[in-house]
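Q: Pick one part of this model and take me through it closely. Then tell me how it fits with its surroundings.

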Amino acid sequence: MMRLQNVRPKPFRMILLTPFLDVLTVILIFLIVTYSPDEAQIETSNAVKLPKSSVVLKGVPDFRVEISTKEIKLNGEKVANADDWKGMIEALQKKKTERDESLKAKNIETKKEAKEGEKILVLADAKLTFQSLDAAFGHIAGAGFSDIYLLTELTKEEGQK
Amino acid sequence: MKKIDRKKIDEEINLNLVPMMDLFVGLIPFLLIAAAFTKFGGVDVQAPSNTANQTHQEQKKPSDEVWFEVSVDQDKIEVQGFSKDFEKPLENLKAEFSVEKVAQFEAYLQGLASKNTKFGPVLFHATSPTTYEQGISVLTVIRSEKTIPDIVLAMGVTE
């Protein structure tokens, strides 16, 4: 007697993609969270052509002032016309107060946060002279900002020093 | 009957993962590359009020520190060394350079650093006709010298 053997074709085994997808998902989330640099938040307008420098920017302050020949902007919003330092100071002090109140509301009053509140990033056009910038820096210092970061375009010579 | 049920189950399990894989393979390199493009440079300086508050730290510093004053007047860089707290000028530490040849100023600072000169804060001043670009080129050189602790901007007096 012949035994009838069931000749079944071996089932096609699909490649297990689940672990692969797990790894990719974790990498993707990690990149989204980690590689969201603060520098990407800095928006420069066409009115400002930054000077060049080879020094890397260390951190991005919460306050950003853009000074051009036409206007003065604070965190991307126009707050005053060119050379209207009074308008700039009023806007700066208002923003500073808002920040302090927001931190108070969240019960965050640390030395580090206080120190961060004294930092400001200045975006100024390369062609401006120190005749106006001198006054700008003086008013910024008078408004309570002690650490001033002058934003520049990074040249290709970075990392040489 | 059983064979038909198994076929139905097999058909239900199939998922098309190709679009999801395309998404991941496209997004991850994009994020990696995009993050590298957003690089800004920046020179950090101090307002005069900040250094005035550091007197208690200054007392601990040795007295052989050299404090420099760097003045930029359009196309001229004047460097003058002082003893601590800008008490008295040091005659042997005085130099002048051209803004267009800022590499000479850089070499000067590097030379001083190689002689183990202890730098104190540098006071930076620029005259009114000096452009921001010229000022930044000098500030970049000063900031690149890592042994210099702070750059203090001499500013206009405000009311």
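A: **Where chain A meets chain B**

Let's start with a strand pairing that crosses between the chains: strand β6 of chain A (residues 147-154) lines up antiparallel with β1(B), and 7 bridges hold the pairing. To get your bearings along that pairing, look for Leu150(A), which sits opposite Val43(B) of β1(B). Keep in mind throughout that this is a predicted model.

Now widen the view to the whole contact. Chain A puts 54 residues into it, and chain B puts in 44. Putting the two chains together buries about 4,300 Å², with 68% of that area coming from carbon and sulfur atoms. On the chain B side, the residues that give up the most area to chain A are Phe24(B), Phe40(B) and Tyr132(B), which together make up 19% of what that side buries.

What about the polar side of things? Between chain B and chain A, 12 residue pairs are in polar contact, counting pairs with both residues at pLDDT 80 or more. Which parts of chain B do the touching? At least two residues each come from α2 (18-37), β1 (40-46), α5 (102-114), β5 (119-126) and α6 (132-144). Sort the chain B residues on that side by type and you get 22 nonpolar, 16 polar and 6 charged. As for salt bridges, the count between the two chains is 1. To find it, go to Lys127(A) and Glu133(B), whose side chains meet with 3.5 Å from N to O.

Step back into chain B itself for a moment. Chain B has 6 helices and 6 strands, and reading from the N terminus their order is α-α-β-α-α-β-β-β-α-β-α-β. Of its 159 residues, 41% are buried. Among the chain B contacts with a separation of 6 or more, 58% link residues 24 or more positions apart.

The run of three strands in the middle of that order deserves a closer look. Take β3(B), residues 76-82: 5 of its 7 residues are buried, so the strand is largely enclosed by the rest of the structure. Buried here means under 20% relative accessible area.

β3(B) has a partner on each side of it in sequence. Coming from the N-terminal direction, β2(B) (residues 66-73) runs antiparallel to β3(B), joined by 7 bridges, and Val70(B) has Val79(B) as its bridge partner there. The hairpin between these strands has 2 residues in it, and Gln74(B) takes a positive phi near 55 degrees.

Going the other way, β3(B) pairs with β4(B) (residues 89-98), again antiparallel and over 7 bridges. Glu78(B) faces Glu96(B) across that pairing. This hairpin has 6 residues between its strands, and here Asp85(B) is the one with a positive phi, near 65 degrees.

One last stop, back in chain A. Ile15(A) lies in the segment before α1 (18-34) of that chain. Is Ile15(A) buried or exposed? Its relative accessible area is 70%, so Ile15(A) is exposed. From its C-alpha atom to that of Ala47(A), 32 residues apart along the chain, the separation is 55 Å.

Conventions: Residues are numbered from 1 along each chain as its sequence is written. Chains are lettered from A and ligands numbered from 1 in the order in which they are written. Side-chain values use heavy atoms; hydrogens and water are left out. Buried means under 20% relative accessible area, exposed over 50%, partly exposed in between (1.4 Å probe, protein chains only). Helices (H or I, at least four residues) and strands (E, at least two) are DSSP runs, numbered from the N terminus. Two strands pair if DSSP finds at least two bridges between them. Contact means heavy atoms within 4.5 Å. Buried area is the accessible area (1.4 Å probe) that two parts lose on being put together, summed over both. A salt bridge is a side-chain nitrogen of Lys or Arg within 4 Å of a carboxyl oxygen of Asp or Glu. A polar contact is a pair of N or O atoms within 3.5 Å; within protein, one must be able to donate a hydrogen and the other to accept it, and residues adjacent in sequence count only if both atoms are side-chain atoms. Ala, Val, Leu, Ile, Met, Phe, Trp, Tyr, Cys and Pro count as nonpolar, Asp, Glu, Lys and Arg as charged, and the others, Gly among them, as polar.
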